[in-house]
Amino acid sequence: MPRKSSGNAWQWSRTAETRRVMLTAAREVFCEQGFADASIAEVVRRAESSVGSLYHHFGGKTELFLALWEDHQSAHEHAASAAVAKARAGGEEDPLELFIVGARAFFEGSWQRRDLVRMFMDGDGPPGFELVRRTRGREWVRQNAVLLGKGTSSVDRLTVAVLTSLIGEAAREIATSSTRREANRIADAAIVLIRRLNPLDV
């Protein structure tokens, strides 16, 4: 039994590493060439793998692109959740301050993965990607409403949608910034705007 368990763990580790290498190669190719012009052959070449292995792990070019998107979104969500949890553990209870903590984590991720942000905002994706993006956007608004303690009134929905859009637009500007200093200025300006809106008083 122990040998079988060890073998399974090795196989899982190998599979995870193969997936990671392919996603890294796909990120390079998609960001350089865009979705439409990118080729599976080039991704496989850079990953030093095979077409069969890529199709086994992802199913094709569209699925590979969507896997990059999901990993990117998961990284955003994990970083924001961890930042908010840390702030709460430190005694912060104000919903607006917690929202800002989460926003700053999102901005940081947008700078660190600015190549992906630029690629996803270019609109060059597989058929159906816009629907996937809009669906995730609605879920993001819902999560922010919970964090801010907002209800379901039309004013509450508008407030949270505006704040969420503000974060998204600031993240896009951050991703296209030429320097970290410029990116930080944009992040700071976005936080000032959030505070001025003071959504908890609406």
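Let's start on the outside: Leu-158, Val-162 and Leu-197 make a nonpolar surface patch of about 260 Å². Keep in mind that this is a predicted model. Val-162 sits in helix H8, which covers residues 154–175. Is Val-162 buried, exposed or partly exposed? Val-162 counts as partly exposed because its relative accessibility is 38%, and that class lies between the 20% and 50% cut-offs.

Now for the pockets. Rolling a probe the size of a water molecule over the atoms shows where empty space is left. The largest pocket holds about 880 Å³ of space. It is lined by 35 residues, and Gln-73, Phe-106, Trp-140, Asn-144 and Thr-164 are the closest to its centre. Which elements give two or more residues to this lining? They are helices H4 (61–89), H5 (95–112), H6 (114–121), H7 (129–148) and H8.

The second largest pocket has Arg-19, Arg-20, Arg-27, Asp-71 and Arg-113 among its lining residues. Leu-23, Leu-68, Ala-75 and Leu-116 line it too, along with Thr-24 and His-72. Helix H1 (2–37) and H4 each supply at least two residues of that lining.

Here are the two pockets side by side:

| Pocket | Volume | Largest share of lining | Lining by class |
|---|---|---|---|
| Largest pocket | about 880 Å³ | H7, 10 residues | 16 nonpolar, 12 polar, 7 charged |
| Second largest pocket | about 160 Å³ | H1, 5 residues | 4 nonpolar, 2 polar, 5 charged |

So which helix turns up in both linings with at least two residues? That's H4.

Notes: Residues are numbered from 1 along each chain as its sequence is written. This is a predicted model: local features need pLDDT of at least 70, side-chain atom pairs count only at pLDDT 80 or more; totals for chains, interfaces and linings use all residues. Side-chain values use heavy atoms; hydrogens and water are left out. Patches are made of residues with over 30% relative accessible area and no salt bridge: like charges are joined within 9 Å, nonpolar side chains (Val, Leu, Ile, Met, Phe, Trp, Tyr) within 5 Å. Accessible areas come from the Shrake-Rupley method with a 1.4 Å probe; for residues, only the protein chains shown count as cover. A salt bridge is a side-chain nitrogen of Lys or Arg within 4 Å of a carboxyl oxygen of Asp or Glu. Buried means under 20% relative accessible area, exposed over 50%, partly exposed in between (1.4 Å probe, protein chains only). On a 1 Å grid over the protein atoms alone, a cavity is a set of points where a 1.4 Å probe fits but cannot get out, and a pocket is an open set with protein on both sides within 12 Å along at least five of seven lines; lining residues have an atom within 4 Å of a point. Grid points are joined across faces, edges and corners, and a volume is the space filled by probe spheres set on the points. Ala, Val, Leu, Ile, Met, Phe, Trp, Tyr, Cys and Pro count as nonpolar, Asp, Glu, Lys and Arg as charged, and the others, Gly among them, as polar.
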